[in-house]
Structures are given as C-alpha cells and as structure tokens.
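User: Please take a close look at one helix-to-helix contact in this model and describe how it sits within the rest of the fold. A connected account would be preferred to a list.

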Amino acid sequence: MEDYLIFAAIGGLILLTLFVNSVAEAWEQKQREKRLKILAIKRGLDNISDLLERLQGCNIGEEIRELLLNEIIARIEMIQRIDRNFHGVEALIEEAGDVQEKNKTPPPPDNYTIKDEKDFNSKIRAIGLLIRQLNTGFWYSKVKPQKLNEYIKS
C-alpha cells in the first residue's frame, strides 16, 4: 500500500511540475508578444520623429506638424498602456518633448528656398515619406481618413 502512495505522490509532483511549466511558458509568451508590440510601436515612433526632422526645411502646414506630434504622443501613451513598467518611457517622453520644442517655432521663410539639386532631392524624399506615412492606415491618434486624404492632396 505504501508503494502506491509513493507512486501517487511522484505522479502528483510530475503533474504539478507540468502545470507550473505550462503556466510559466504562457506568461513568457505573453511577455514576448508585449515586447514585440512595443518594439513595433517604438519603430514607428522613431520613423515619425525622423520624418519631422527631415521636414524641417519643407513648407508643410502647421496642422500636419501637429498631427505628427500628436501621433508621437499617442504612441508613447500606447506603450505605457501595454506595459506600465517599460524601462524607456521616460526617455521617450523626453525625446518627444525635444521634438515638440524643435517644431514649435517654424523655420524662417528663407529656409524653404531650394539651394541646389541635393537640397531639392532631400526635400522631395521627405515629402514622399510624409505622403507614405499619411497613407498608412495605422494611426494611434484619432484622425479621420478624410482629413488624411485632404492633407495628402494639399
């Protein structure tokens, strides 16, 4: 009889180990998915930040700059919603503040003039990237598709 109890105890321990292992794997998978989602959002955030930098010398509307800045803030908020303990949120908020400060004052009008072919090509690439960004249907900030189409056409 004692032998059966030992086998039952060992069997119970094996089942408990399998259960704990499956719970740990599920938690790890969820954490991995969160990290991947955050990295994708951060990659988009970096792209928008770089786009705003490239558009410094382009004469785009204030509404478009504001839209891009709002998108940066919305993406940071989304990262915070996904993972409140994300270790880079403070740096992202600081970076967004720097980008917002940089874009607060419009460049002087003489900055919009095209100096040479290289300058022309860089401005055309920046505007092309802006149009591509506006065409993506993946926005975290609340913006109507009709408004995006209006920005693209203008």
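Analyst: The contact between α1 and α2 is formed on the α1 side by K34, K37, I38, I41, K42, G44, L45, I48, S49, L51 and L52. Their counterparts on α2 are R65, L68, L69, E71, I72, R75, I76, M78, I79 and I82. In this predicted model, the axes of α1 and α2 come within 10 Å and cross at roughly 160°. Because an angle over 145 degrees counts as roughly antiparallel, α1 is assigned that relation to α2. The crossing of α1 past α2 is left-handed.

Two of the α2 residues in this contact, L68 and I72, also appear among the residues with the most contacts inside the largest nonpolar core. That core has 27 residues, and L55, L130 and L134 are likewise listed as having the most contacts inside it. At least two core residues come from each of α1, α2 (62–82), α3, α4 and α5 (145–153). The largest share, nine residues, is supplied by α2.

Helix α2 also holds I73, next in sequence to the core residue I72. I73 counts as partly exposed because its relative accessibility is 33%, which falls between the limits of 20% for buried and 50% for exposed. Between I73 and L92 there are 9.2 Å from C-alpha to C-alpha, at a sequence separation of 19 residues.

A further partner of α2 is α5. These two helices pack with their axes 11 Å apart, at an angle of about 130°. The relation of α2 to α5 is therefore oblique. Here too the crossing is left-handed, with α2 passing α5. From α2 the contact involves E63, I64 and L67, and from α5 it involves K147, L148 and Y151.

Helix α5 packs in turn against α4, at an angle of about 165° and with the axes 9 Å apart. The two are therefore roughly antiparallel to each other, and their crossing is left-handed. On α4 the contact is made by I131, L134 and N135, and on α5 by L148, Y151 and I152. L148 and Y151 thus belong to the contact with α4 and also to the one with α2. L134, in turn, joins the α4 contact with α5 to the list of residues with the most contacts inside the core.

Helix α4 spans residues 117–135 and includes D119. D119 is buried because its relative accessible area is 16%, and the limit for that class is under 20%. When neighbours within four places in sequence are left aside, D119 is in contact with T113 and I114.

These contacts belong to a protein with five helices and zero strands, whose elements run α-α-α-α-α from the N terminus on. Of its 154 residues, 29% count as buried. Among contacts with a separation of 6 or more, 71% join residues 24 or more positions apart.

Confidence varies along the chain. The average pLDDT is 83, and 90% of the residues score at least 70. Helix α1 (residues 2–54), one side of the contact described at the outset, has the highest mean, 91. The lowest mean, 68, belongs to helix α3 (residues 89–104).

Technical notes
Residues numbered from 1 in each chain as written. Predicted model: local features only at pLDDT ≥ 70, side-chain atom pairs only at ≥ 80, totals over all residues. Heavy atoms only, no water. Helix = DSSP H or I, 4+ residues; strand = E, 2+ residues; numbered from the N terminus. Buried < 20%, exposed > 50% of the residue type's maximum accessible area, 1.4 Å probe, protein only. Contact = heavy atoms within 4.5 Å. pLDDT = per-residue confidence, 0-100. Core = buried A, V, L, I, M, F, W, Y, C linked by side-chain atoms within 4.5 Å. Axes fitted to C-alpha atoms, helices over the stretch in contact; angles between N-to-C directions. Parallel < 35°, antiparallel > 145°, perpendicular 65-115°, else oblique. Left-handed = near helix turned anticlockwise from the far one by under 90°.
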